[in-house]
Amino acid sequence: ADPGMRNPDAARLPADCGIPVLYLIRLPEELDGNLLTFENADGIIGIVQRFYAEGCRRFALYGGGPVNPLAAVEREQGFREGLRRCRLKVRRGLVCGRESSQEDRASFFEYFRDPEMRPDAVCCLNDACAGEFLRQIRKMGLDVSGVRLSGFDHAPLTKFLPHELLTVEPPLDELGKCTAEMLIRRIENPGFGFIRKKLESRLIPIQPTDLSC
């Protein structure tokens, strides 16, 4: 159920034809069915809570990179919910996304010039956004040593980031096994009601790579 599909109704066609269907991550609008998900918001909530336990109190959200539109919305909701659970408020000017204006983006990075004003932690919508954040920081000659940084997806590029990163590893192996099990169940028991199952993701700390050589 992706907003980028050229034909949104395609998500409904297999079920309408009687084909056993399992939806991953989210259901199409106004449609019920079997759902297997790992909830994008939960991973960001876990990151905020961990950073808070480590002493972070000023949080920023950065999404200036390629990210699925629905995933971006869900992860931003997780960021806001994580702050709420920690009894913190979203600080004005410290949320920067692809829809942010050039002026707002420039203002966002200006916060990192003053060690007394800069955020303690930056939560990025995915690992590519974390890489883009570091690229901009380096381009501006700013120092973010000591700032906690997070991403999402546990992408291969995390091995090459010159900054410690906390990322979310989706349960891909378990996702494959559960997909097969749930589809077989649907094939063998077409009269059964729809079920929804949520898997747990893992937080993975990535140590920085020395790129000086």
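In this predicted model, Tyr62 sits among many partners. Beyond its sequence neighbours up to four places away, Tyr62 touches Cys96, Arg105, Phe108, Phe109, Val122, Cys123, Cys124, Leu125, Cys129, Glu132, Phe133 and Gln136. Tyr62 also ranks, with Phe59, Val122 and Phe133, among the residues with the most contacts inside the largest nonpolar core. That core has 41 residues. At least two residues each come from α2 (40-53), β3 (59-63), α3 (69-85), α4 (102-110), β5 (121-124), α5 (127-139), β7 (165-169) and β9 (202-206). The largest share, 5 residues, is supplied by α5. A second core is separate from this one and has 6 residues. Leu36, Leu175, Cys178 and Leu199 are included in the second core. In soluble globular proteins, nonpolar side chains tend to be buried together.

Strand β5 is covered on both faces. Ala121 and Cys123 are buried on one side, and Val122 and Cys124 are buried on the other. Two of these residues also mark strand pairings. Ala121 in β5 stands opposite Phe59. The strands β3 and β5 pair in the parallel sense, over 4 bridges. Val122 has Leu149 in β6 as its bridge partner. Strand β6 (residues 148-150) runs parallel to β5, and 3 bridges join the two. Val122 and Phe59 are both named among the residues with the most contacts inside the largest core.

Helices α4 and α5 pack against each other at an angle of about 75 degrees. Their axes lie 11 Å apart. An angle of 65 to 115 degrees counts as roughly perpendicular, so α4 is roughly perpendicular to α5. On the α4 side, the contact involves Arg105, Phe108 and Phe109. These meet Glu132, Phe133, Gln136 and Ile137 in α5. By type, the contact residues divide into 4 nonpolar, 1 polar and 2 charged. Tyr62 touches residues from both helices, including Arg105, Phe108, Phe109, Glu132, Phe133 and Gln136.

An open sheet of 3 strands has the order β1-β2-β8. Its pairing is parallel. Strands of a sheet pair through backbone hydrogen bonds, either parallel or antiparallel. Strands β1 (22-24) and β8 (196-198) stand at the edges. Each has a single partner strand, so one side of each is left without a neighbour in the sheet. Neighbouring strands are turned against each other by 15 degrees on average, direction ignored. Strand β1 pairs with β2 (residues 34-37) over 3 bridges, in the parallel sense. Within this pair, Leu22 stands opposite Asn34 in β2. Helix α6 (residues 172-188) lies across β1, β2 and β8. The helix runs at about 170 degrees to β2.

At the level of the whole chain, there are 6 helices and 9 strands. The chain has 213 residues, of which 42% count as buried. Its C-alpha atoms fill a box of roughly 60 × 40 × 35 Å, taken along the principal axes. Among contacts with a separation of 6 or more, 71% are between residues 24 or more positions apart.

How values were computed:
Residues are numbered from 1 along each chain as its sequence is written. This is a predicted model: local features need pLDDT of at least 70, side-chain atom pairs count only at pLDDT 80 or more; totals for chains, interfaces and linings use all residues. Side-chain values use heavy atoms; hydrogens and water are left out. A nonpolar core is a set of buried Ala, Val, Leu, Ile, Met, Phe, Trp, Tyr and Cys residues joined through side-chain atoms within 4.5 Å. Buried means under 20% relative accessible area, exposed over 50%, partly exposed in between (1.4 Å probe, protein chains only). Contact means heavy atoms within 4.5 Å. Two strands pair if DSSP finds at least two bridges between them. Axes are lines fitted to C-alpha atoms, for helices over the stretch in contact, and angles run from 0 to 180 degrees between N-to-C directions. Angles under 35 degrees count as roughly parallel, over 145 as roughly antiparallel, 65 to 115 as roughly perpendicular and the rest as oblique. Ala, Val, Leu, Ile, Met, Phe, Trp, Tyr, Cys and Pro count as nonpolar, Asp, Glu, Lys and Arg as charged, and the others, Gly among them, as polar.
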